Amino acid sequence: MIGDKKTVNPRRRLLLATILLAGLAFAPGASAQFTADKDYLIINPPQPTDSGNKVEVLEFFWYGCPHCNALQPPLNAWLKQKPADVAFRRVPAVLGQSWVPLTQAYYTFEALGLTEKFHQDVFTAIHKEKIRLQDPNTLFEWVAKRGVDRKKFMDTYNSFGVRSRVQRAIDMSRTYNIPGTPALVVDGRYLTAPHLGLQQGQALSYERYFKILDYVIAVARKARAGK
């Protein structure tokens, strides 16, 4: 009858509330919870960082990797709004001898202060224009056409300093046990990659990936605070 009031059993009320909360937890847009060994990997033992009081994020990449090329636009968007307490650095991974020439190229750009000018152009040249920049002579011609002194670039490319940095990249790729590229390492403790945590047939989502990255940064931040 209209106007009748029925007493709701407290246990029933609790059960209904639990069901409602469970539904909200799995609803689209709900706060995501990510899991170690599924959505990100724990590096054991953890590695030292060079970022002082900031949380370090290292991008392990290879210019010849199409997935690294695809990551660049969303990564650049994330970098524009990354947390102030995050220090970002690129590390060219070396997972085989054939990866060395492009790693050498990256450190040559870095030594000459040309990284920001040429970094994206190298990806474009390799993956869109199909230029074989892993061949040193082709690389030297390519940079010379863009106004770089060829001899200076060649001398730097073959210098002891650049070769030492390449060896350091080789060592880091092994120490961090980089499984493939791209991979982002957070504070020497956690490794993330866009493909991690995806179920079979699930499409890659960079929006999801950068949520994972932000989550792992928060985990690293908490770990630092607990020291």
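**A walk through the fold**

Let's begin with who touches whom: among contacts in the protein between residues at least 6 apart in sequence, 74% join residues at least 24 apart. Keep in mind as you look around that this is a predicted model. The protein has eight helices and five strands. Starting from the N terminus, the elements run α-β-β-α-β-α-α-α-α-α-β-β-α. Of the 227 residues in the protein, 38% are buried.

Now find the sheet. The five strands make an open sheet in the order E1-E5-E4-E2-E3, and the pairing is mixed. Which strands stand at the edges? They are E1 and strand E3 (86-92); each has a single partner strand, so one side of each is left without a neighbour in the sheet.

Strand E2 (55-61) is a good place to stop for a while. On one side, E2 pairs with E4 in the antiparallel sense, over four bridges. If you'd like to see a spot where they meet, take Leu 58, whose bridge partner in E4 is Val 185. E2 is also joined to E3, this time by seven bridges, and these two strands run parallel. Here you can look at Val 57, which stands opposite Phe 88 in E3. How does the chain get from E2 to E3? The route goes through helix H2 (residues 66-80), and this β-α-β crossover is right-handed. Another helix, H7, packs on the sheet, where H7 touches E2 and E3. The direction of H7 makes about 110° with that of E3.

So is E2 enclosed or open? Seven of the seven residues of E2 are buried, so this strand is largely enclosed by the rest of the structure. There's a handy rule for reading a strand like this: in a regular strand the side chains alternate between the two faces of the sheet. In E2, Val 55, Val 57, Glu 59 and Phe 61 are on one side, while Glu 56, Leu 58 and Phe 60 are on the other. Both faces are covered, and all of these residues are buried.

That brings us to the inside of the protein. In soluble globular proteins, nonpolar side chains tend to be buried together. Here, the largest nonpolar core has 44 residues, and those with the most contacts inside it are Phe 60, Tyr 63, Phe 109, Leu 139 and Trp 142. Two strands, E2 and E4 (183-186), give two or more residues to this core, and so do helices H3 (100-111), H4 (115-127), H5 (136-144), H6 (150-157) and H7 (160-175). H3 gives the most, with six residues. For a closer look, pick Phe 60: its contacts include Val 91, Ala 93, Met 172, Tyr 176, Ile 178, Pro 182 and Val 185. Apart from this core lies another one, of 18 residues, among them Val 55, Val 57, Trp 78 and Tyr 209.

Next, a few spots in the loops. Two prolines come after a cis peptide bond. One such bond joins Asn 44 and Pro 45, with omega about 5°, and Pro 45 is in the loop between strand E1 (41-42) and E2. The other joins Thr 181 and Pro 182, with omega about -5°. You'll find Pro 182 in the loop between H7 and E4, and both Thr 181 and Pro 182 are touched by Phe 60.

There are also residues other than glycine with a positive phi. Lys 130 has a phi near 60° and is in the loop between H4 and H5. Asp 187 has a phi near 55° and is in the loop between E4 and strand E5 (190-192). Are these two buried or exposed? Lys 130 is exposed, because its relative accessible area is 61% and exposed means over 50%. Asp 187 counts as buried, because its relative accessibility is 4% and the cut-off is under 20%.

What does buried Asp 187 have around it? Its side chain makes a polar contact with the side chain of Arg 224, at 2.6 Å. Asp 187 also touches Gln 47, Thr 49, Ser 51, Lys 54, Val 55, Glu 56 and Ala 220, among others. Two of these, Val 55 and Glu 56, take you back to E2, where they are buried on opposite sides of the strand.

Definitions and conventions:
Residues numbered from 1 in each chain as written. Predicted model: local features only at pLDDT ≥ 70, side-chain atom pairs only at ≥ 80, totals over all residues. Heavy atoms only, no water. Core = buried A, V, L, I, M, F, W, Y, C linked by side-chain atoms within 4.5 Å. Buried < 20%, exposed > 50% of the residue type's maximum accessible area, 1.4 Å probe, protein only. Contact = heavy atoms within 4.5 Å. Polar contact = N/O pair within 3.5 Å; in protein donor to acceptor, adjacent residues only side chain to side chain. Pairing = 2+ DSSP bridges. Axes fitted to C-alpha atoms, helices over the stretch in contact; angles between N-to-C directions. Right-handed = clockwise from strand over helix to strand, strands pointing away. Lists of a residue's contacts leave out its neighbours within four places in sequence.
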